[in-house]
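Grab a pencil and work through these exercises with the model open beside you. Each task comes with a solution that goes step by step.

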Amino acid sequence: MKPPADAPVPARHPDAPAPGEALGSHYGECFGCGGAQPHGLHLEARAGEGVNVTAEFTVQPAHQGAPGLAHGGVLSAALDETLGALNWLMQVIAVTGRLETDFVRPVPVGTTLHLDAHATARHGRKIFCAATGRLGGPEGPVAVRAEALYIEVRVDHFIENGRDEEIKAAMADPDQVRRARAFEVNP
Ligand SMILES: CCCCCCCC(=O)SCCNC(=O)CCNC(=O)[C@H](O)C(C)(C)COP(=O)(O)OP(=O)(O)OC[C@H]1O[C@@H](n2cnc3c(N)ncnc32)[C@H](O)[C@@H]1OP(=O)(O)O
């Protein structure tokens, strides 16, 4: 997943949240960040200085694969959610096209995974990015890392492909910001 050599590092959008600002959940029902999913990751991301974010996720018993250890797919989801938050800093609507994860160390239940993601290149509709998850603290040992490719899409991607029930409910939300974020950031 190598970008062309001349692909620039993406720039922060002038309207991006300020460095240090919490991004909040883009959609209450999102498995990664939503508050309405009891077994979701409840991941909390914060804007960095460039097109980068940090986030934390604490592994719950509902996230187990082997006894006492996080499921690999759940860890990939945490990386995906963190990487997806980068799109908010570029104000781009994009979905995950490819996500490659390296599992370096087991992640026990109860651990807080400290995630860090940054965009590396942009080429047409393609956004290349990378992330790491560290155990116990931002300087802790690396447990997981990922490289990913996000593809820019139109808002129609969600409206045409999502189930009617949820699309209608999201569109009917009286809160304009929530309504916009449900669609403008990839669910
Ligand atoms: C804060 C928010 C956090 C959110 C985190 C969670 C994010 C998510 O989980 S999103 C949900 C998971 N992802 C999806 O459902 C996406 C499903 N896939 C699709 O809808 C389509 O395949 C889609 C939109 C990605 C691409 O389709 P389409 O728009 O037709 O574009 P297409 O022409 O095929 O590809 C565009 C470019 O990307 C490349 N590309 C597309 N997919 C891939 C891939 N998997 N690997 C490598 N390259 C790819 C193509 O080769 C093409 O490159 P080039 O421009 O150089 O020719």
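**Exercise 1. The shell around the ligand**

Which elements each supply at least two residues of the shell around the ligand? Keep in mind that you are working with a predicted model.

*Solution.* Start with the elements: helix 1, strand 3 (94–103) and strand 6 each put at least two residues into the shell. Strand 3 has the largest share, with four residues. Next, pick out the residues that come nearest to the ligand: of the 19 around it, these are G84, V95, G97, R98 and I151. Finally, sort the shell by class, and you get seven nonpolar, seven polar and five charged residues.

**Exercise 2. The overall layout**

Work out how many helices and strands the protein has, and in what pattern they follow along the sequence.

*Solution.* Count the elements, and you'll find five helices and six strands. Now read along the sequence: the pattern is β-β-α-α-β-β-β-β-α-α-α. The radius of gyration is 16 Å, close to the 16 Å that the globule rule gives for 187 residues, so the protein is as compact as a globular protein of that length. Along the principal axes, the C-alpha trace spans about 45 × 40 × 30 Å. Then look at contacts with a separation of 6 or more: 66% of them link residues 24 or more positions apart.

**Exercise 3. Following the strand pairing**

Start at N52 and find its bridge partner in strand 4, then find the bridge partner of H118 in strand 5.

*Solution.* Step one takes you from N52 to H118 in strand 4. That bridge belongs to the pairing of strand 2 (residues 52–58) with strand 4 (residues 112–123), which run antiparallel and are joined by seven bridges. Step two takes you from H118 to A130 in strand 5. Strand 4 and strand 5 (residues 126–135) are antiparallel too, with 10 bridges between them. Last, check the turn of this hairpin: two residues lie between the strands, and G124 has a positive phi near 60°.

**Exercise 4. Into the core**

Which residues of the largest nonpolar core touch the most other members?

*Solution.* The core has 43 residues, and the ones to mark are A78, L79, L83, L86, L115 and C129. Now see who contributes: strand 1 (44–47), strand 2, helix 1 (72–84), helix 2 (86–90), strand 4, strand 5, strand 6 (142–152) and helix 5 (176–184) each give two or more residues. Helix 1 gives the most, six residues. To see the packing around one member, take C129 and skip its neighbours within four places in sequence: its contacts are L83, L86, A117, H118, A119, T120, A148 and Y150. As for the protein as a whole, buried residues make up 34% of its 187 residues.

**Exercise 5. Unusual backbone angles**

Where in the protein do H42 and Q91 sit, and are they buried or partly exposed?

*Solution.* First, the background: most residues other than glycine have a negative phi. H42 has a positive phi near 50° without being a glycine, and Q91 also has a positive phi, of about 55°. Next, place them: H42 lies in the segment before strand 1, while Q91 is in the loop between helix 2 and strand 3. Now count neighbours, remembering that a buried residue needs 20 or more other C-beta atoms within 10 Å. H42 has 18 within 10 Å, so H42 is partly exposed. Q91 has 13 C-beta neighbours inside 10 Å, so Q91 counts as partly exposed as well.

Terms used:
Residues are numbered from 1 along each chain as its sequence is written. This is a predicted model: local features need pLDDT of at least 70, side-chain atom pairs count only at pLDDT 80 or more; totals for chains, interfaces and linings use all residues. The radius of gyration is taken over C-alpha atoms; the globule rule is 2.2 Å times the number of residues to the power 0.38. A residue is buried if 20 or more other C-beta atoms lie within 10 Å of its own, exposed if 12 or fewer, and partly exposed in between; C-beta atoms are placed from the backbone. Two residues are in contact if their C-beta atoms, placed from the backbone, lie within 7 Å. Two strands pair if DSSP finds at least two bridges between them. A nonpolar core is a set of buried Ala, Val, Leu, Ile, Met, Phe, Trp, Tyr and Cys residues joined through C-beta atoms within 7 Å. A residue is near a molecule or strand if its C-beta atom, placed from the backbone, lies within 6 Å of it. Ala, Val, Leu, Ile, Met, Phe, Trp, Tyr, Cys and Pro count as nonpolar, Asp, Glu, Lys and Arg as charged, and the others, Gly among them, as polar.
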